[in-house]
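User: I would like to learn how to read a helix pair and a buried charge in a model. Could we go through one case of each?

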Amino acid sequence: MESLFAGRLGLNTQQSKELAAHKKSGPLLAFFIEEADAASIAPTELLAIGSLLSALAVAWKKDDPALRPKAAYVARAIFDARLKSVDQITAAVKFAESAKGEIDSVTFDAACGVGVVVTPEEISAAVAKVIKSKKEDLDKKYWAAQGPILGVLRTELRWANSALVKEEVDKQLLALLGPKDAAPKEKKEAAKPTAAAASTAQAAPLRPPITELAKSFKYVFEGQLAALHKPGGNPQIKESLMKEHLARTGGKVVTRFPPEPNGFLHIGHAKAININFGYAQAHKGITYLRYDDTNPEAEEEKYFTSILDMVNWLGFEPHAVTYSSDHFQRLYDLAVELIKRDKAYVCHCTGAEIHEMRGGDAMGERSECSHRNRPIEESVREFKRMKDGEYGEGEAILRMKMDMFNPSPQFWDLVAYRVMFTRHHRSGDQWCIYPTYDYTHCLCDSFEDITHSLCTTEFQLSRESYYWLVDALELYKPVQWEYGRLNLTYAILSKRKLLKLVNEGHVRGWDDPRLYTLIAVRRRGFTPEAINAFVRDIGVTTANTVIPVERLENYVRDHLNEVAERRMAILNPLKVTLSNLPANHRELVAVANNPLDKSAGDRKVPFTKTIYIDASDFRESAGSEFYRLSLGKSVGLLQIPHPIIATKVVKDDRGNVVEVVAEYDTAGKSGKPKAYIQWVADSPKDKSPVRVEVRNYGQLFKHPNPMDKKLVPDGWLSDINKNSLEVLPDAMVDIGVLSAKVEDRFQFLRLGYYCVDPDSDVAKGKFVFNRTVSLKEDAGKS
C-alpha cells in the first residue's frame, strides 16, 4: 500500500509509510482509491485531492464495514469538490458517523459548509466586530488576546479560509496595538499620540512595500524550498556523472522554466517563473528559458514571442533561451541507444489496443505488447523506417520498455516517439518523428545540467519515470521536485477552456482584461511588481491552492496606491454652471500628482465657470444621509478652497436633469462641507475636458468556482457574467492625462485605478481607460 499511496495520491514517503502501517487508516485509504477508480477520477485529479482523502482516512473513527457506504459518500463529496478543506472533512465525518439511515445530501451540505463562500469583506467585518468585543481583554493582555480572538472567529467564520482570517486578525491588531514586541506599558503611554504621530502611525504600511515584497527571497529560504538539496547532493547511478556535472557548472544552482509554446502564459505561470528564476537568483545561480517545442501541430510564433515578453515583463532575464528542438538529433541517437540497451521497442498497436493492455476502462489486469520482445536489431531497423517516413501517423511508435505491472501508470511502457508529418517551425521538414514530453523533458534537463527541476504536482507521478530514463541511459540525473499549482477564484486557467472562450467570442481575445492570462492582466493594468509580490508572499508548498482573487487585487491596489499618479475623472458627466462667476473666469489650480510621492510633482488644471461632475454625485432632493450635491445643499470640490451650493436645475423634454446651476460659495455661508467630489472644468483653451472611453471590467464568471457542478449545473460556460464589461464612451478626465502613454496607470479619485488601453491613439489624444481595480471604499458611503 505504501507505493500505492505515494504513486496514486502523491503522499510523501513518511506519510505513505505511516498510513500503510495503520490498521484502520490504511485499508480505508485504499478503499477510497478504489472508489475513485469506480468514479473514473482522472489520475491528475486524484493527485490533487490525495491529502484530503488521507485526512478523511485518519479522521474516520473506525473501519466498520457497516459504515463504509457512509465513508464512500464522504469520499465522493471530495471527488465532486464539495468538500475542500480539512475543517469540512472533520464536520463531514462527525455528521456521517452519527447519521441514521441514508445520508440526506441537503442536510449534509448545510452541516459541512458546502458551497459556502466567505468573502474577504465578510472576514474583515467579522474580525473588526470580535476585536471590538474584546477591547477589555486587549487593554489588559495586549497581543496575548490574539488566541482567544482567533478561537471566537473559528466558530463565527467556520468555513472561511483560516489563513486569510489569521492574516486579517494580524493586520487589524497591528493597526490597533503596534508591533508584537512592544510592551503593554509602551502601548498605554502612547494611547494619546500627538496629531503628527497619529498621522504617521495611520500612514505606516501594515506589510512591507510591494516593491520590497516583489524582490523578497523569504519564500526560498523558508518552508519546503529551503529543504531542497545543494548542488552535488543528488545521487547518481555512476559517481563520475556528478564529478563531470560539477566541473561543468562550478557547483552553481541551475534551473529552467520550460513552457510549451502552444498558448499564452497565465497567472499560474507567474508562480512557476518566480519559483524557477527566484530560486536560482537567491542562490546566485542561473535559469534557462527552454521552449518545449516537440509538438509542431500546436506551436505558433506568437506564443514564443509572448512567453519571452512576459518573462521579461515580470523582471526576469534568462541565462539563455533554448529549445528542446535544439537536441532533436541527440534525442534520436539516444533513442537508438535505448533500443540497443533493450530498454525500448517499436510498437504497432493502436491507441485502443494499448489502452486495453493497460487495464482498460475497468482498470483490470494489464498485459504486455506482442512487439515488446522483438529482436533489438528489428526495433532499430523499424525505428529508422519511422524516421525515414515509411510509416504513416499512428502506424508505429517507439515505446520505452519499463514495467507494465508496476502500480504506477508512468511505468506502463510510455511512448517515446510518434510519427507526425507536420512541418516544425525551426527544423522545417527535417523530421517526421517527434519525441514526447515523457522522453524529452528529463533528457533536456540533463543536457542543460539542471540541478533542480521544479514543476507542479501534476508531474509527481512522472518523477520515477524521469529518473528511470536518465539512469537507463547512464546520464547525469537532476532532481525533480513538485509544488502545488496556483489557482484563483473566478478564473479559468485551462488552455483548452481559454481557447473556447476566445474562439466562441465570449471574450475579445487572449488579452481580454477579464481573463487571467499574463497579457490580459497586463492590459488591465496589473503591475509586474504586484504579481511577483503576490506569488512570493503566499509561499510555496506541495498543496494545490485556490486563492481568492480579491487577495491578488489587494497587492495590485497597494502597489498602485504607492506609484500611480492621481487624476480627476467623470464617468457620467453632468454640467454645472457656477452662476456667480464671470463667463471668462479661469484660474489654474496646482494639484499634487501623488500625495504619497513628492517627487511626482504637481500639475495645473483649469477651474472655470462651467465644470462637470459625475451624475451620481447629484440628487435633486436628498435625505439627511446624502452628503453630496443637492438643491439647497453644498458640497466641496477637490483641490478647490470653497464649496458650491446647488440653486436650480435645467431639464430636457423628458424631465432628465441636464444641468445644475450652482453658486460658488466664497463667503462661506454654507459652512464646512461634509463631502468632497471630483470635477473637470470646461476650458477649450486648455483642451479640457479630455473626452475618453472608460471600460469598467468585472469578474467574467458569477461564481468563485464556475466548475462547481452543484452551483453551476449547466456547465461553466453558463456561468459567464453577461454584465462583466461596462463601456462608458462619454467619460471625461482632467488634462493631466494628455501626456499619458499606453499602459500608464492612474488613480481616478474616488473611482479606482485605471490603465491606458492599447486601443488608444495617444498621438491623436484618443484615450481608452481600463479599470484595473476599484478603490477600497465603504460601498454605503454617501
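User: At roughly what angle do the axes of helix H23 and helix H24 cross?

Analyst: A note before the reading: this is a predicted model. To read a helix pair, take the approach of the axes together with the angle. Here the axes of H23 (residues 437-447) and H24 (residues 462-472) come within 9 Å and cross at roughly 65°. The crossing is right-handed.

User: Which residues of H23 and H24 meet?

Analyst: H23 contributes Asp-438, Tyr-439, His-441, Cys-442, Leu-443, Asp-445 and Ser-446. On the H24 side they meet Ser-462, Tyr-466, Leu-469 and Val-470.

User: How many residues of H23 are buried?

Analyst: Burial is read residue by residue, with under 20% relative accessible area as the cut-off. Nine of the eleven residues of H23 are buried, leaving the helix mostly covered. Among them are Thr-440, Cys-444 and Phe-447. After H23 comes Asp-449, with a positive phi near 60°.

User: Now the charge. Is Lys-70 buried or exposed?

Analyst: For a charged side chain, read burial first and then look for partners. Lys-70, in helix H6 (residues 68-79), is buried and has no salt bridge. A salt bridge needs the charged atoms within 4 Å, and the nearest side chain of opposite charge, Glu-97, is 9.4 Å away.

User: What does the side chain of Lys-70 reach?

Analyst: It reaches the backbone oxygen of Ala-99, at 2.3 Å. Beyond its neighbours within four places in sequence, Lys-70 is in contact with Trp-60, Ala-96, Ala-99, Lys-100, Gly-101 and Ile-103.

Terms used. Residues are numbered from 1 along each chain as its sequence is written. This is a predicted model: local features need pLDDT of at least 70, side-chain atom pairs count only at pLDDT 80 or more; totals for chains, interfaces and linings use all residues. Side-chain values use heavy atoms; hydrogens and water are left out. Helices (H or I, at least four residues) and strands (E, at least two) are DSSP runs, numbered from the N terminus. Buried means under 20% relative accessible area, exposed over 50%, partly exposed in between (1.4 Å probe, protein chains only). Lys and Arg count as positive and Asp and Glu as negative; His and the chain ends are not counted. A polar contact is a pair of N or O atoms within 3.5 Å; within protein, one must be able to donate a hydrogen and the other to accept it, and residues adjacent in sequence count only if both atoms are side-chain atoms. Contact means heavy atoms within 4.5 Å. Axes are lines fitted to C-alpha atoms, for helices over the stretch in contact, and angles run from 0 to 180 degrees between N-to-C directions. A crossing is left-handed if the near helix is turned anticlockwise from the far one by less than a right angle, and right-handed if clockwise.
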